[in-house]
Amino acid sequence: MSWKVFAIMAGVVIGALSVLAAAFFRRGLTLPVAVPDAAVTLVMALTGRTDGLPGLLAALQAQTLKPRRLLIAVESADDPAYRCVCEAIPNCALPIELILAGLAQRAGQKCVNLAAALDRLDAADEFVAFIDADIQPQPWWLSALVSPLKNRGYGVVSGYRWPTIARNTLGAHLILALDRGIATLPRLGWAQAVWGGSTAMRRETIDRLALAEHFRRRLSDDLTIGELARQAGIPVLFRRLLRVPSPLSYTLGDAWRFGRRQYQMVRVYRPQLWLLALTTATLQLACWVAIACAFRQPLAGFAAAVLFGLALSKTRLLDRIGVQLGHHDQADILPLQLLLCVAKPLVDTFHWSMIIAAARVRSVAWGHVTYRVGGPTAIAVVARGAWQPSEH
């Protein structure tokens with residue numbers, strides 16, 4: 001078997017499996033109806049300009065399961081997020097505590113902020129939910145996040161973002177096309193890749209894992225939670241229903257840097273998962289190269305038609321999943337996503353470039369802070385720049 005035939009077959013199989021994964025994800029996807037009786041404290045790290053904060057607070061107040069309170073941690077009073085929270089507190093019925101975490105030196109600023117918030121937990125906190133500032137949770141979100149924890153079989157419950165378009169840019173559409181596909185993939189138990197934008201656990205689990213202590217030595221919050229849970233033998237539920245709308249407005253450069261940073265985190269904390277992503281993306285790219293090299297042969301033309309057909313089918317399926325999750329895209333989003341399917345080789349190249357760029361992790365830029373990374377717990381802040389819009 002020639003390399004061209006192998007690459008084409010591998011690319012088609014990967015494309016077909018991704019469509020099947022989305023179809024399986026949609027199967028039996030129903031909204032929750034039960035609302036547990038639970039005292040839940042929300043914990044959020046915040047930095048930079050946060051124009052979406054009023055909308056998030058409104059969504060949190062509209063939850064069917066009412067949060068007990070919200071702990072928001074910022075690095076300092078100079079952070080633009082500090083003023084945003086101060087202005088929002090008088091207009092919010094949800095009790096909010098604003099915490100000044102201080103400047104990170106040997107950890108990610110987000111992790112330091114979260115550690116400072118965890119230090120404020122008290123005896124009345126039964127459950128804790130970690131959230132990101134850029135989500136737009138559905139009314140049933142908190143109920144769906146916490147209710148499985150009432151069953152002692154689970155110690156941690158996590159979801160994932162459902163990217164949406166806030167501004168029609170090429171970068172936003174590229175991340176949308178890639179990340180919705182990732183959102184519907186099966187969650188591998190060995191990876192324990194929880195998502196910090198929507199993760200809940202019992203208060204006793206936080207104490208058992210000594211999260212605050214570990215956060216003060218790590219760059220990634222969510223991958224740290226997953227790793228500690230695996231080491232402690234604590235079961236993690238990755239709930240399909242918990243795909244939370246998260247708006248995108250990236251430029252092309254911002255989108256690429258976001259994707260590279262995500263894969264840098266995975267490279268540091270889950271190298272096996274990064275290698276799996278690299279292998280899959282490389283095979284997909286090799287498939288298109290093989291098709292281009294053998295474009296005069298019937299197999300190449302047939303494979304290209306199949307791949308474009310799979311991409312179109314998957315895009316339509318992902319759109320239907322979004323509707324089931326309670327999110328309706330604007331009328332022009334689906335046609336633009338379908339149009340992007342025609343450029344599938346370029347989308348796959350864009351994806352592969354982000355993964356390969358994360359192969360060597362020496363410096364990670366996250367928001368307004370640049371870090372030197374020597375290993376999972378060898379983190380050092382090397383530079384601070386101007387605050388950017390809040391990004392998680």
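This passage walks through a predicted model, going from its salt bridges to a small sheet, a polar contact and a surface patch.

Salt bridges come up first. A search of the whole structure turns up 19 of them. One pairs R69 with D125, whose closest N and O atoms sit 2.7 Å apart. R69 belongs to strand β2 (residues 69-74), while D125 is in the loop between α4 (109-118) and β4 (127-131), so this pair ties together parts of the chain that are 56 residues apart in sequence. Neither residue is out in the open: R69 and D125 are both buried.

A second salt bridge links E227 to R218, and here the closest N and O atoms are 3.0 Å apart. Again both partners are buried, E227 as well as R218. The bridge between R320 and D319 has its closest N and O atoms 3.1 Å apart, and its two ends differ in exposure. R320 has a relative accessible area of 39%, so this residue counts as partly exposed. D319, by contrast, comes in at 11% and is therefore buried, the cut-off for that class being under 20%. Some of the salt bridges also share partners, which joins R68, R69, E97, R120, D122 and D125 into one network. The R69 and D125 pair described above is thus part of a wider set of charged residues.

Next comes the sheet built from β8, β9 and β10. These three strands form an open sheet in the order β8-β9-β10, with antiparallel pairing. The edges are taken by β8 (363-366) and β10 (378-384); each has a single partner strand, so one side of each is left without a neighbour in the sheet. From one strand to the next, the twist averages 30°. Looking at one of the pairings in detail, β8 and strand β9 (residues 369-375) run antiparallel and are joined by four bridges. Among the residues involved is A365, whose bridge partner in β9 is T370.

Back towards the N terminus, T47 is found in the loop that runs between β1 (40-45) and α2 (53-61). Is this loop residue buried or exposed? With a relative accessible area of 17%, T47 is buried, because the class takes in values under 20%. The side chain of T47 also has a polar partner: a contact of 2.8 Å joins it to the side chain of D79.

Finally, there is helix α1 (residues 3-26), which is where L20 is found. L20 has a relative accessibility of 56%, so it counts as exposed, since that class begins over 50%. This leucine does not stand alone on the surface. Together with V13 and L17, L20 forms a nonpolar patch, and the three residues add up to about 300 Å² of accessible area. As for how far L20 lies from another point in the chain, its C-alpha atom is separated by 42 Å from that of A116, a residue 96 positions away along the chain.

Taken together, the residues picked out here cover both buried and exposed settings. T47 is buried in its loop, and R69 and D125 are buried as a salt-bridged pair, whereas L20 is exposed and contributes to the nonpolar patch with V13 and L17.

Key:
Residues are numbered from 1 along each chain as its sequence is written. This is a predicted model: local features need pLDDT of at least 70, side-chain atom pairs count only at pLDDT 80 or more; totals for chains, interfaces and linings use all residues. Side-chain values use heavy atoms; hydrogens and water are left out. Helices (H or I, at least four residues) and strands (E, at least two) are DSSP runs, numbered from the N terminus. Buried means under 20% relative accessible area, exposed over 50%, partly exposed in between (1.4 Å probe, protein chains only). A polar contact is a pair of N or O atoms within 3.5 Å; within protein, one must be able to donate a hydrogen and the other to accept it, and residues adjacent in sequence count only if both atoms are side-chain atoms. Patches are made of residues with over 30% relative accessible area and no salt bridge: like charges are joined within 9 Å, nonpolar side chains (Val, Leu, Ile, Met, Phe, Trp, Tyr) within 5 Å. Accessible areas come from the Shrake-Rupley method with a 1.4 Å probe; for residues, only the protein chains shown count as cover. A salt bridge is a side-chain nitrogen of Lys or Arg within 4 Å of a carboxyl oxygen of Asp or Glu. Two strands pair if DSSP finds at least two bridges between them. Axes are lines fitted to C-alpha atoms, for helices over the stretch in contact, and angles run from 0 to 180 degrees between N-to-C directions.
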